[in-house]
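Hi everyone, thanks for making the time today. I'd like to walk you through one structure, so let me put it on the screen.

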Amino acid sequence: MDRKPKLSRIPDLRMVLNRSEINLLNLDDYVHDTDTPNTQLNWSVETESNGPAVHIDSAHCLSVFHPKTVGVFASTVSVSDGDATASQTIRIKVSHFLLAPFFTDSPIVLSASEEYRSEFSLYDGIIPPDFPKECIRWEVKSPFPEGIAHAEVLSNGRLCVRADSSPPRTAVILPICAKYQTPLPTIPPLFPTPTPSFTPVRTADIEFYPHGRRISFNQVQSEIVGDGPVDVAAADFNRDGNPDFLTANFDTNTASLLLSDAHRQYQRMDLYTGEGCQNVLLHDGNGDGWDDVITLSVIDSLLTIYLGNAGIPEITDPIELFDGFPYPEERINRARIRLMAAGHFTKEIPSAIAVADVDALNLYRLDPDNRLRLLRRESFAFEPIQLAAVDFNADGLDELLATHAYPSGVSVFSLQSDRPVLLFYSNLDITFIGNIPQGLFVKDLDADGYPDAAIPFSDGRLLILFGGETYDLIAQPLPDPRMVLTDITGGDYDGDGMEELLLAGLDIACSKPVLSLLYGEEAGRFTLLERVFLQRPYPLNQVFSLATCDVNADGMVDVVMADRASDQLIFYINAQE
């Protein structure tokens with residue numbers, strides 16, 4: 001006989017406005033089914049349209065994401081064993097702030113007409129702790145209990161209580177209320193004035209000698225950007241024929257846009273992105289022929305677009321995403337996280353933006369009124385590390401390439417239908433538990449007209465996924481186990497028609513930042529050359545992000561490096577003759 005699942009009382013929830021809470025409840029603690037294991041139960045949730053987003057993950061943990069409106073909202077949680085369903089409605093109360101319960105260490109005993117002032121401040125119980133004090137109004141409910149002449153909360157948050165001539169003989173309850181009273185502070189300006197704190201630091205030039213030949217780069221210029229650059233993108237944003245650059249500044253919650261002129265003089269604009277700017281793209285999101293600035297902030301969970309607008313960035317309304325991004329910015333073994341890709345994924349939509357959180361894919365587009373809209377959200381069976389839009393079969397539509405952990409591997413999806421279609425999958429956990437993809441570079445590496453992907457993994461192997469009508473995956477060892485990678489790029493640096501790969505990372509043995517060149521011996525095959533150490537002021541704070549482009553229009557590809565140690569964008573110009 002099949003017995004339906006039974007739910008015990010699921011508690012109501014209290015939330016802070018615009019603040020997500022992950023894994024608030026493990027729903028397995030509230031269900032009992034005598035003939036179905038918890039692992040086989042299916043959970044779902046329905047929420048009010050104007051309420052916060054509620055998500056139940058594969059481990060049956062309930063999370064609430066970015067409540068946008070103050071109020072009390074109902075959510076119906078359901079569990080099914082396949083034959084029967086049990087449901088329960090919980091209330092989610094959203095407030096500007098919360099007041100944690102507080103107690104004195106011992107009862108307060110008052111004599112006749114005695115005044116008491118607490119040693120603790122009620123502000124210490126406010127959640128979040130940095131909530132502005134001027135936005136809080138304290139009230140002690142009256143009439144006061146018998147024996148209490150007066151009670152108030154002082155400006156410093158301390159409680160003041162005075163007994164009357166006949167103090168209470170038994171314990172009394174003194175209700176205290178904290179109310180929101182003024183508008184929240186405004187966000188920082190969109191274009192804060194850059195305030196460089198020091199002169200850009202010059203690092204040494206770079207030289208490699210493959211088989212008696214010389215590949216060299218001269219560091220000719222450095223530009224200060226916002227604090228903590230962790231990602232860089234390059235494109236001709238203002239259509240003047242010169243490459244422009246965009247950095248994601250994790251520490252200052254901005255993206256620095258560097259607009260170049262013909263003399264490689266850069267005008268810098270800092271664009272506000274929300275807290276924890278992790279990834280940036282320069283991509284035409286609305287099809288007007290001008291690249292737009294697209295930023296992803298992982299702490300505030302914001303996807304923001306500044307429209308190109310003839311080379312002058314103009315902000316649209318940011319959209320709040322589902323929470324749960326891999327954090328901090330170097331996930332595991334300093335893997336390079338890129339959780340955003342933009343491309344032409346479907347015939348109906350010329351451009352869409354794919355954003356991955358901890359276990360799902362979110363696909364967005366810009367509507368005709370230039371507002372971001374969520375097209376769909378699909379669950380992943382892994383934790384994504386890097387995303388890229390790649391037209392592997394050259395049919396005019398991009399596929400979505402995802403490198404991932406848990407399990408570690410590489411997957412390729414087609415997004416043309418209503419649900420993602422898996423075109424290729426390789427699981428690497430069977431060879432090395434905890435193997436993590438540490439970078440991703442896309443280019444036609446074997447000169448066959450189809451793009452390929454180079455992916456170094458933490459087990460010391462370089463995987464190359466070759467595109468075409470079918471997919472082919474090869475692996476070759478990276479004979480340099482001392483190096484922890486932070487990024488990878490590539491290009492035909494010596495002009496011989498073969499692609500080289502350039503890896504940035506940290507030499508574990510001597511704790512020095514290093515660049516390594518993989519020389520193209522034949523199509524899709526690479527040989528590791530000697531490494532070059534970089535002289536830098538803060539060698540252990542060594543987050544790099546690399547890009548390859550022709551900076552000075554001489555026909556040779558150059559290297560641009562975002563260096564978090566010195567908060568700079570460093571230009572290495574190809575000196576090949």
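Let me begin with a question for the room: which residues do ring pairs link into a cluster? They are Phe97, Phe131 and Tyr180. Please keep in mind as we go that this is a predicted model.

Staying with the rings for a moment, a search of the whole structure turns up 12 aromatic pairs. The one I'd like to show you is formed by Phe245 and Phe571. A pair of aromatic rings is described by the distance of the centres and the angle of the planes. For Phe245 and Phe571 the values are 5.2 Å centre to centre and 70° between the planes, and the pair is edge-to-face. Phe245 sits in strand E20, residues 244–249, while Phe571 belongs to strand E46, residues 568–574, so this pair ties together parts that are 326 residues apart in sequence. Both Phe245 and Phe571 are buried.

There is also a charge over a ring to point out. Lys133 lies over the face of Tyr123, and the distance from the ring centre is 4.9 Å.

Now let me step back to the whole chain. How many helices and how many strands are there in the chain? The count is 0 helices and 46 strands. Of the 577 residues in the chain, 53% are buried. If we take the contacts with a separation of 6 or more, 53% of them come from residues 24 or more positions apart. The accessible surface of the chain is about 25700 Å², and carbon and sulfur atoms account for 50% of that.

Back to E46, the strand that carries Phe571. Here 7 of the 7 residues are buried, so E46 is largely enclosed by the rest of the structure. Look at how the side chains divide: Gln568, Ile570, Tyr572 and Asn574 point one way, Leu569, Phe571 and Ile573 point the other way, and all are buried.

What does E46 pair with? One partner is strand E18, residues 215–224, in the antiparallel sense over 7 bridges. Within that pairing, Ser222 has Ile570 as its bridge partner in E46. Strand E45, residues 558–563, also pairs with E46, again in the antiparallel sense, over 5 bridges. There, Asp563 has Gln568 as its bridge partner. The hairpin of E45 and E46 has 4 residues between the strands, and Asp567 takes a positive phi near 55° in it.

Next, two open sheets. The first one I'll show has 4 strands in the order E36-E37-E38-E39, with antiparallel pairing. Its edge strands are E36, at 441–443, and E39, at 472–477, and each of these pairs on one side only. From one strand to the next, the twist averages 20°. Inside this sheet, E37 (residues 452–456) and E38 (residues 461–466) run antiparallel and are joined by 5 bridges. If you look at Ala453, you will find Leu465 of E38 opposite.

The other open sheet has 3 strands, ordered E3-E7-E6, and its pairing is antiparallel as well. E3, at 21–26, and E6, at 53–56, are the edge strands, each pairing on one side only. In this sheet the twist averages 25° from one strand to the next. E3 is joined by 3 bridges to E7, residues 61–65, and the two run antiparallel. Asn26 has Cys61 as its bridge partner in E7.

To finish, two single residues. The first is Ser75, in strand E8, residues 71–80. Is Ser75 buried or exposed? Its relative accessibility is 3%, and because the cut-off for buried is under 20%, Ser75 counts as buried. Leaving aside residues up to four places away in sequence, Ser75 touches Val45, Glu46, Thr47, Val54, Gln88, Thr89, Ile90 and Ile92.

The second is Thr548, in strand E44, residues 544–549. With a relative accessible area of 23%, Thr548 is partly exposed. Again setting aside residues up to four places away in sequence, Thr548 touches Thr489, Gly490, Tyr493, Val557 and Asp558. The C-alpha atoms of Thr548 and Val559 are separated by 4.7 Å, with the two residues 11 apart along the chain.

That's my tour; thanks for listening, and I'm happy to go back to any part of it.

Terms used:
Residues are numbered from 1 along each chain as its sequence is written. This is a predicted model: local features need pLDDT of at least 70, side-chain atom pairs count only at pLDDT 80 or more; totals for chains, interfaces and linings use all residues. Side-chain values use heavy atoms; hydrogens and water are left out. Two strands pair if DSSP finds at least two bridges between them. Axes are lines fitted to C-alpha atoms, for helices over the stretch in contact, and angles run from 0 to 180 degrees between N-to-C directions. Buried means under 20% relative accessible area, exposed over 50%, partly exposed in between (1.4 Å probe, protein chains only). Contact means heavy atoms within 4.5 Å. Accessible areas come from the Shrake-Rupley method with a 1.4 Å probe; for residues, only the protein chains shown count as cover. Rings of Phe, Tyr and Trp (its six-membered ring) pair if their centres lie within 6.5 Å; planes under 30 degrees apart count as stacked, over 60 as edge-to-face and the rest as tilted. A charge sits over a ring if NZ of Lys or CZ of Arg is within 6 Å of the ring centre and within 35 degrees of the ring normal.
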